Amino acid sequence: MSGTASALRPANDASPPAVCAADWRKARPVNTPENWVIVWCCSQTSIFLRQGRVALPSDQPPNSEALHVAIDIAVDPIPASLWLVAITGSIHNVETRAAAETHLNTPIGKKTSSAAVSAMPGPTRRLVDIDFTLRRVFGKTTFRPSQREIITAALEGHDVFVQAATSFGKSLCFQLPAVIDLGITIVISPLLALMNNQVAALRDADITVETINSTTPYSIKSRVLADLECGHPRTRLLYVTPEYCESDAFRRHLRTVYDHGQLSRIAIDEAHCISEWGHDFRKAFTALGWLKTTFPDVPIMCLTATATARVRSDIISTLRLDPATLKSFLMTTARPNLHYSVRFKSDTKDHYPDFLAWLRGIHSRRSSNPVRAAELSALDQRPTNVSGIIYTLYRRDCEALAARLVVDGIGAKPFHAGLSAAEKDDHLASWVANTPGYDVIVATTAFGMGIDKDNVRFVVHWQIPKSFEGYYQEAGRAGRDGKASACILYYGREDRDRAQSMLQRELLRKMHARARAAGAADADADPMLDPAVAGRVKSIQSLIEYCEDTRRCRHRAICRYFGDEVGLAERETGKAGAVALCDVACDWCRDAADLVRRKDRGLASEEWCSTQREQGAYDEYDYDC
Ligand SMILES: Nc1ncnc2c1ncn2[C@@H]1O[C@H](COP(=O)(O)OP(=O)(O)OP(=O)(O)O)[C@@H](O)[C@H]1O
């Protein structure tokens with residue numbers, strides 16, 4: 001490599017700094033002393049930009065004007081030794097390097113440069129940066145409780161485990177450090193929809209973000225990989241699936257980035273999937289332990305809203321994190337603005353009229369109260385724009401229910417894995433935009449994690465979902481603006497039996513498949529000895545208990561399931577307090593006696609159910625995955 005180098009002059013020098021316009025990002029260090037300097041120079045470019053607290057267009061070489069803006073708004077004086085050297089190839093500016101080595105008190109090299117750089121600024125600079133970046137890049141005025149602590153721990157280089165309620169704002173906890181830190185953050189995410197939502201939001205904030213997944217066109221994939229290959233990617237966050245992390249090509253590229261000291265963090269979003277899916281249909285989750293083994297000093301952040309103690313420990317051991325040094329932030333799962341209730345039903349009675357009456361009641365309250373109607377009109381909202389999601393387990397219900405609602409004048413659309421991509425995109429985008437005709441989405445579980453619409457006023461489960469975690473996750477799509485929202489679960493004993501029978505069949509199928517793979521020796525093994533299987537059984541049983549229970553606050557039952565000591569303690573002691581946690585935000589706290597009455601009236605008797613069971617009424621298997 002050959003090229004020119006020009007040292008930028010300090011701010012008190014009146015003439016603008018000279019900057020090479022060539023493709024400085026493509027400088028490829030190899031193991032020569034000169035090229036150590038190149039690595040350092042690129043790193044210093046990043047540092048410099050951060051010192052200047054300005055987001056420069058990262059697809060262009062730094063130009064004089066942009067750098068001067070950075071200088072103008074820099075909070076701290078930028079030491080002369082940090083003046084960067086813009087490069088086009090090899091660097092021969094030994095004085096600059098020596099000055100920097102003295103300043104950093106460390107020799108500059110492939111790894112030491114980035115270590116020294118991250119050690120250098122100290123917590124003060126970062127605290128300032130955090131607030132600045134929050135406002136300037138993410139457009140938010142304040143941190144939510146604990147976000148600052150989590151972000152600080154991440155920036156200090158710790159492995160971090162974050163468990164927090166749905167809509168807490170977990171994504172910011174890795175996105176903000178990714179913008180502040182040097183290098184690239186790899187985000188491992190289980191679902192396309194989740195990735196696409198986050199990527200779109202980050203692009204809106206002018207952050208250089210990419211994703212590689214099954215839908216990424218070849219040309220974009222090649223561009224992203226070329227960016228990694230240079231060792232100093234300009235991409236700040238790259239979203240990939242766990243499956244992609246298994247590919248040799250991607251692993252090779254990650255190593256290159258790591259060797260250049262530019263792999264700043266790995267974030268694993270929805271980390272409970274490691275435990276819930278990794279043991280059966282998405283084995284790639286369990287291979288993620290490779291990351292810690294290969295990049296031991298790269299911090300990992302795991303984020304989830306739904307992990308029991310067993311799932312947490314499974315995640316930690318699968319990822320080979322050290323529990324002794326891991327910083328865990330286990331926050332309450334409580335969502336005080338969600339109003340949980342269970343409505344009882346039996347197979348012999350259609351519960352659609354009950355739901356329709358409830359929804360029409362809201363519409364009429366919104367339009368018949370003149371003050372509220374005026375308020376809505378001022379906000380340019382329709383009385384019928386009561387945004388909601390109805391979850392069903394079956395595709396056929398999904399289509400039929402949406403059609404039935406439309407006949408009754410409710411703007412409803414289906415969403416399930418059988419729709420074309422264009423239909424799904426249209427239904428989702430129009431629902432998010434509050435378009436008339438798209439107020440209610442009737443969805444299978446294909447619509448869940450990652451849906452972040454602020455004004456979802458209700459989430460209804462048409463039947464008991466497949467797991468406690470799924471229920472909490474899906475209900476958590478409601479009320480993300482912090483306003484009161486209803487979470488209604490229609491529960492019937494026939495659905496209970498059906499769900500149990502499905503689970504049993506699924507587990508048997510898996511057990512046999514596993515036995516076939518392992519040889520006959522395993523064929524008779526008790527499936528409950530497998531912690532993942534036992535976890536699934538416990539999950540559905542706990543959800544059934546939750547539905548049948550008429551002696552406990554629903555919020556408290558959720559806290560109890562997730563082992564949420566904070567939420568339970570608050571409820572127990574009345575601190576912060578019993579009232580704030582629920583008050584009337586669940587059917588038990590609202591009227592326990594009425595709950596008991598409704599349950600007695602609504603549910604089919606156990607005798608009736610057992611007759612149905614014997615007649616094989618619960619044998620269908622058409623869940624939408
Ligand atoms: N400090 C903040 N101030 C204002 N809004 C915030 C803040 N942090 C996050 N948000 C917003 O909160 C919403 C929820 O954030 P996010 O999607 O990251 O939640 P989450 O914790 O991942 O939830 P879930 O587990 O349900 O997906 C987003 O719209 C996000 O922009």
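These exercises work through helices, sheets and burial in a predicted model.

Residues are numbered from 1 along each chain as its sequence is written. Because the model is predicted, local features need pLDDT of at least 70 and side-chain atom pairs count only at pLDDT 80 or more, while totals for chains, interfaces and linings use all residues.

**Exercise 1. The whole chain**

Task: State how many helices and strands the protein has, and what share of its residues is buried.

Solution.
- Step 1. Take helices (H or I, at least four residues) and strands (E, at least two) as DSSP runs, numbered from the N terminus. The protein has 26 helices and 15 strands.
- Step 2. Call a residue buried if 20 or more other C-beta atoms lie within 10 Å of its own, exposed if 12 or fewer, and partly exposed in between, with C-beta atoms placed from the backbone. Of the 625 residues, 42% count as buried.
- Step 3. Count two residues as in contact if their C-beta atoms, placed from the backbone, lie within 7 Å. Among contacts between residues at least 6 apart in sequence, 76% join residues at least 24 apart.

**Exercise 2. Helix α10**

Task: Check the span of helix α10 (residues 248–259), then find which of its residues are buried and what they pack against.

Solution.
- Step 1. The expected span is 1.5 Å times one less than the number of residues. For the twelve residues of α10 that gives 16 Å, and the end C-alpha atoms are 16 Å apart, so the two agree.
- Step 2. His253, Leu254 and Val257 are buried in α10. Seen down the axis, the buried residues fall within an arc of 100°, so they line one face of the helix. The arc is taken over the directions from the helix axis to the C-beta atoms.
- Step 3. Asp248 and Arg252 are exposed, on the face turned away from the buried side of α10.
- Step 4. The buried residues of α10 pack against β4 (184–188), α9 (218–229) and β7 (263–268).
- Step 5. Glycine 261 follows α10 and has a positive phi, near 70°.
- Step 6. Repeat the span check on α9: its twelve residues should also cover 16 Å, and its end C-alpha atoms are 16 Å apart, which agrees. Just after α9, glycine 231 has a positive phi of about 90°.

**Exercise 3. The sheet of seven strands**

Task: Give the strand order and the edges of the open sheet that contains β7.

Solution.
- Step 1. Two strands pair if DSSP finds at least two bridges between them. Strands of a sheet pair through backbone hydrogen bonds, either parallel or antiparallel.
- Step 2. The order is β5-β6-β4-β7-β8-β3-β9, with parallel pairing. β5 (209–212) and β9 (327–330) are the edges, as each pairs on one side only. From one strand to the next the twist averages 15°.
- Step 3. Three bridges link β7 to β8 (residues 300–304) in the parallel sense. Isoleucine 266 stands opposite isoleucine 300 in β8.

**Exercise 4. The sheet of six strands**

Task: Describe the order of the open sheet of six strands and the helix that packs on it.

Solution.
- Step 1. The order is β10-β15-β14-β11-β13-β12, again with parallel pairing. Its edge strands are β10 (338–344) and β12 (412–415). Neighbouring strands are turned by 15° against each other on average, direction ignored.
- Step 2. Helix α18 (residues 468–475) packs on this sheet, touching β10, β11, β14 (458–461) and β15 (485–491). The direction of α18 makes about 150° with that of β14. Axes are lines fitted to C-alpha atoms, for helices over the stretch in contact, with angles from 0 to 180 degrees between N-to-C directions.
- Step 3. Look at edge β10. Six of its seven residues are buried, so β10 is largely enclosed by the rest of the structure. Seven bridges pair β10 with β15 in the parallel sense, and histidine 339 has alanine 486 as its bridge partner.
- Step 4. Look at edge β12. Ala412 and Pro414 point one way, Lys413 and Phe415 the other, and all are buried. β12 pairs with β13 in the parallel sense over four bridges. Phenylalanine 415 stands opposite alanine 443.
- Step 5. The chain crosses from β12 through helix α17 (residues 421–432) to β13, a right-handed β-α-β crossover. Right-handed is defined with the strands pointing away from the viewer: the path from the first strand over the helix to the second runs clockwise.
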